Amino acid sequence: MSDTRRKLTTIFCADVQDYTRLMGADEEGTLATLKRCREAMEHLIESHGGRVVNTWGDGLIAEFPSVVEAVRAAVDTQNELAGFNARRPSDGRMLFRIGINLGDVIVEGDDIYGDGVNIAARLQTSASPGGIVISSTVYDQVRNKVAVGFEFLGPLMVKNVEEGVPSYAVRIGDGGDEAPPAERPSAERPAATRPQPAAAAVMTEARPAPGGRRLFAVLGVIAVVLIVINLLSWQGVFWARFPVLALAVVAALAWNRGQTWFDRKFAALAIVALGIIGINLFTWSGTFWAVWPILGIAAMIGLRWSMRR
């Protein structure tokens, strides 16, 4: 009992719609897809300052010290997964439902319990596939702080909670395919809770979207043209190395916008550091001056990492 305490926290619950059907159709493929989706989700949760509390089957519970970051993580997650599902057949898409609640919970070790968790789980089951439902306690904190819309769904009945919990659907976007409605005890399913595939990032497969491939192709062609011009007009100086380096940095930063392996802000700083090293090497005069800006970048990464913890 000495390890038991209470705290106010933001609870994030997610699970897969029609997981049993997906497993029945293809067990190994479904498990592999679930692993990729969960890795992407866990990375986004951590990048927004959250902590995964528990996973079981197709479900996941996380907690956040910030209500705003919890909602942002949920929106980023659904956009990320929408980009992944857009490349899959309609009967093989893995659509997650997310519920978020701000409430008082019981803490035992690394686990959390109580009505705060139960409400988040109930909100999750009432969300549409690919959608997010939040409680009124969350809405009150984020309504003017997150660039999404909200639709009031009315009170949601929760076991062991006497009064209904007012809930809101998060409107991620107005485009994309309509997801099939989930059952809900009251209020009509809002059509705008579906994700917008056009705004989605790339899944953990790191497979670039068509726009990303076009950008990389254009940058590659430009780099080759510059090198050819340099060689055909050779005067003893390989001047093309500087614009080619700049193009490489632009391509790396574009790739970083869609990758989910590393924290994007950390990765962007690392790419800038590599660019500075390249400039130093291309203008080498016997002094490795790049060590100073790299040290500054390393300090920024260290400070950001420590503050996030």
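A residue is called buried here when its relative accessible area is under 20%, exposed when that area is over 50%, and partly exposed in between. The legends below describe a predicted model.

**View 1. Helix H8 and its buried residues.**
Helix H8 covers residues 264-282. Its 19 residues, at 1.5 Å a residue, should span 27 Å, and because the C-alpha atoms at its ends lie 27 Å apart, the expected span and the model agree. The residues of H8 that are buried are Phe 266, Ala 267, Ile 271, Ala 273, Gly 275, Ile 276, Gly 278 and Asn 280.

**View 2. The rings of Phe 242 and Phe 282.**
A pair of aromatic rings is described by how far apart the centres are and by the angle of the planes. Across the whole structure, a search finds five aromatic pairs. In one pair, that of Tyr 139 and Phe 150, the arrangement is edge-to-face, with 5.3 Å from centre to centre and 85° between the planes. The pair shown in this view joins Phe 242 and Phe 282, whose ring centres are 6.0 Å apart and whose planes stand at 90°, so this pair is edge-to-face. Phe 242 belongs to helix H7 (residues 241-256) and Phe 282 to helix H8, so their pairing ties together parts that are 40 residues apart in sequence. Phe 242 is partly exposed, at a relative accessible area of 33%, and Phe 282 also counts as partly exposed, at 34%.

**View 3. The ring cluster that includes Tyr 139.**
Tyr 139, Phe 150, Phe 152 and Tyr 168 are linked by ring pairs into a cluster. Within the cluster, the centres of the rings of Tyr 139 and Phe 150 lie 5.3 Å apart. Tyr 139 sits in helix H5 (residues 136-142) while Phe 150 sits in strand S7 (residues 149-156), so this pair ties together parts that are 11 residues apart in sequence. With a relative accessibility of 17%, Tyr 139 counts as buried.

**View 4. Asp 18 in a loop.**
Asp 18 is found in the loop that runs between strand S1 (4-16) and helix H1 (19-25). Most residues other than glycine have a negative phi. Asp 18, although it is not a glycine, has a positive phi of about 60°. Its relative accessibility is 38%, so Asp 18 counts as partly exposed.

**View 5. Two buried cysteines, Cys 13 and Cys 37.**
Cys 13 is buried, with a relative accessible area of 1%, and Cys 37 is likewise buried, with a relative accessible area of 0%. A search of the whole structure finds zero disulfides.

Terms used. Residues numbered from 1 in each chain as written. Predicted model: local features only at pLDDT ≥ 70, side-chain atom pairs only at ≥ 80, totals over all residues. Heavy atoms only, no water. Helix = DSSP H or I, 4+ residues; strand = E, 2+ residues; numbered from the N terminus. Expected span 1.5 Å × (residues − 1). Buried < 20%, exposed > 50% of the residue type's maximum accessible area, 1.4 Å probe, protein only. Disulfide = S-S within 2.5 Å. Phe/Tyr/Trp six-rings, centres within 6.5 Å; stacked < 30°, edge-to-face > 60°.
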